[in-house]
Amino acid sequence: MLRLGDIAPNFTAQTSEGELDFYEYLGNSWGVLFSHPADYTPVCTTELGRTASLKSEFKKRNVKVMALSVDTLESHQGWIKDINETQGVEVNFPIIADKDKTISEAYGMMHPNASATLTVRSLFVIAPDKTVKLMITYPASTGRNFTEILRVIDSLQLTANYSVATPADWKDGEDCVVVPAIKTEDIPAKFPKGFTEIKPYLRMTPQPNK
Ligand code: BEZ
């Protein structure tokens, strides 16, 4: 079973944009790999439409997106037309046709007690070093919150770049938490915007990249 911190398995996949090697596709970018239960289903149609509409938000964060279901390429091609038509977008990311479920199994996207044949709504955020940074799993009946996914990516990138964590319900622009690994005496040099020590273990600082 894949866990946070593990290396995301590489694969070669048949996708709506041709055969792709996952690592080559990602290059040095961050990645989002997500599964949906089936083509031509209502919730999935809205999720893929929403993902397409967020192209500039993913690009701004240097994130490449890839979707997956166990349907065929032919099915994907037909369904993409419906997504474009009904959601007012151009699907602008590859959708994997994982007919033999190799990739779904490698990423734990099959949950047999939820569905014997279809993937659940799994989503992985993968860092440029290919480690898994976020795993979420939603049931078929609940579409994911893509604003939350962007929020987590922002948090992960702040941690990677500035040694801060983000508190409960944090939103872009709000104060961040200095990670425990940094000693209080080292904070001034590292965080020129200042900090507030609420407790020795709870040190807040303005968001470093704002
Ligand atoms: C949907 O995408 O709408 C969906 C897919 C599978 C089961 C239930 C809903």
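**Exercise 1. Gly18 and the strands around it**

Where is the place of Gly18? Describe its surroundings in this predicted model.

Solution.
- Step 1: Gly18 has its place in strand β2.
- Step 2: Strand β2 covers residues 18-21 and is joined to β1 by four bridges, the two strands running antiparallel.
- Step 3: In this pairing, Gly18 of β2 has Thr15 opposite it.
- Step 4: Two residues lie between β1 and β2, and the two strands form a hairpin.
- Step 5: The relative accessibility of Gly18 is 31%, so Gly18 counts as partly exposed. The class applies because the value lies between the cut-offs of 20% and 50%.
- Step 6: Gly18 and Ile95 are 77 residues apart along the chain, and their C-alpha atoms are separated by 9.5 Å.

**Exercise 2. The faces of strand β1**

Which side chains of strand β1 are buried, and which are not?

Solution.
- Step 1: In a regular strand the side chains alternate between the two faces of the sheet.
- Step 2: Strand β1 (residues 12-15) shows such an alternation of side chains.
- Step 3: Ala13 and Thr15 point to one face and are buried.
- Step 4: Thr12 and Gln14 point to the other face and are not buried.

**Exercise 3. The ligand and its shell**

Which residues are around the ligand, and which atoms of Thr41, Val43 and Arg121 lie at a stated distance from an oxygen atom of the ligand?

Solution.
- Step 1: List the shell: Pro37, Thr41, Pro42, Val43, Cys44, Arg121 and Ala140 are the residues around the ligand.
- Step 2: Sort the shell by class, which gives five nonpolar residues, one polar residue and one charged residue.
- Step 3: Look for the element with the largest share, which is helix α2 (residues 42-53) with three residues.
- Step 4: Take the side chains. A polar side-chain atom of Thr41 is 3.0 Å from an oxygen atom of the ligand. For Arg121, a polar side-chain atom also lies 3.0 Å from a ligand oxygen atom.
- Step 5: Take the backbone. Val43 places a backbone N or O atom 2.6 Å from an oxygen atom of the ligand.
- Step 6: On its own the ligand has 260 Å² of accessible area, of which the protein covers 74%.

**Exercise 4. The open sheet**

In what order do the four strands of the open sheet stand, and which strands are at the edges?

Solution.
- Step 1: The order is β8-β9-β11-β10, and the pairing is antiparallel.
- Step 2: The edges are held by β8 (164-165) and β10 (196-199). Each has a single partner strand, so one side of each has no neighbour in the sheet.
- Step 3: Strand β10 is joined by three bridges to β11 (residues 202-205), and these two run antiparallel.
- Step 4: Glu197 has Arg203 of β11 opposite it.

**Exercise 5. Two residues with a positive phi**

Asn62 and Asp169 are not glycines. Are they buried, partly exposed or exposed?

Solution.
- Step 1: Most residues other than glycine have a negative phi.
- Step 2: Asn62 has a positive phi of about 60°, and Asp169 also has a positive phi of about 60°.
- Step 3: Asn62 is placed in the loop between α3 (55-60) and β4 (63-69). Its relative accessibility is 39%, so Asn62 counts as partly exposed.
- Step 4: Asp169 is placed in the loop between β8 and β9 (176-178). Its relative accessibility is 66%, so Asp169 counts as exposed. The cut-off for exposed is over 50%.

**Exercise 6. Two loop residues**

In which loops are His36 and Arg144, and do they count as buried or exposed?

Solution.
- Step 1: His36 is found in the loop between β3 (30-35) and α2.
- Step 2: With a relative accessibility of 0%, His36 counts as buried. The cut-off for buried is under 20%.
- Step 3: The side chains of His36 and Asp39 are joined by a polar contact of 3.4 Å.
- Step 4: Arg144 is found in the loop between β7 (132-138) and α6 (146-162).
- Step 5: The value for Arg144 is 6% relative accessibility, so Arg144 counts as buried.
- Step 6: Arg144 and Arg50 are 94 residues apart in sequence, while their C-alpha atoms are 9.9 Å apart in space.

**Exercise 7. The domains**

How many Å separate the centres of domain 1 and domain 2?

Solution.
- Step 1: The domain assignment gives domain 1 as 12-144 and domain 2 as 163-205.
- Step 2: Taken over C-alpha atoms, the centres of domain 1 and domain 2 are separated by 35 Å.

Key: Residues are numbered from 1 along each chain as its sequence is written. This is a predicted model: local features need pLDDT of at least 70, side-chain atom pairs count only at pLDDT 80 or more; totals for chains, interfaces and linings use all residues. Side-chain values use heavy atoms; hydrogens and water are left out. A residue is near a molecule or strand if one of its heavy atoms lies within 4 Å of it. A polar contact is a pair of N or O atoms within 3.5 Å; within protein, one must be able to donate a hydrogen and the other to accept it, and residues adjacent in sequence count only if both atoms are side-chain atoms. Accessible areas come from the Shrake-Rupley method with a 1.4 Å probe; for residues, only the protein chains shown count as cover. Ala, Val, Leu, Ile, Met, Phe, Trp, Tyr, Cys and Pro count as nonpolar, Asp, Glu, Lys and Arg as charged, and the others, Gly among them, as polar. Two strands pair if DSSP finds at least two bridges between them. Domain bounds come from an automatic or database domain assignment. Buried means under 20% relative accessible area, exposed over 50%, partly exposed in between (1.4 Å probe, protein chains only).
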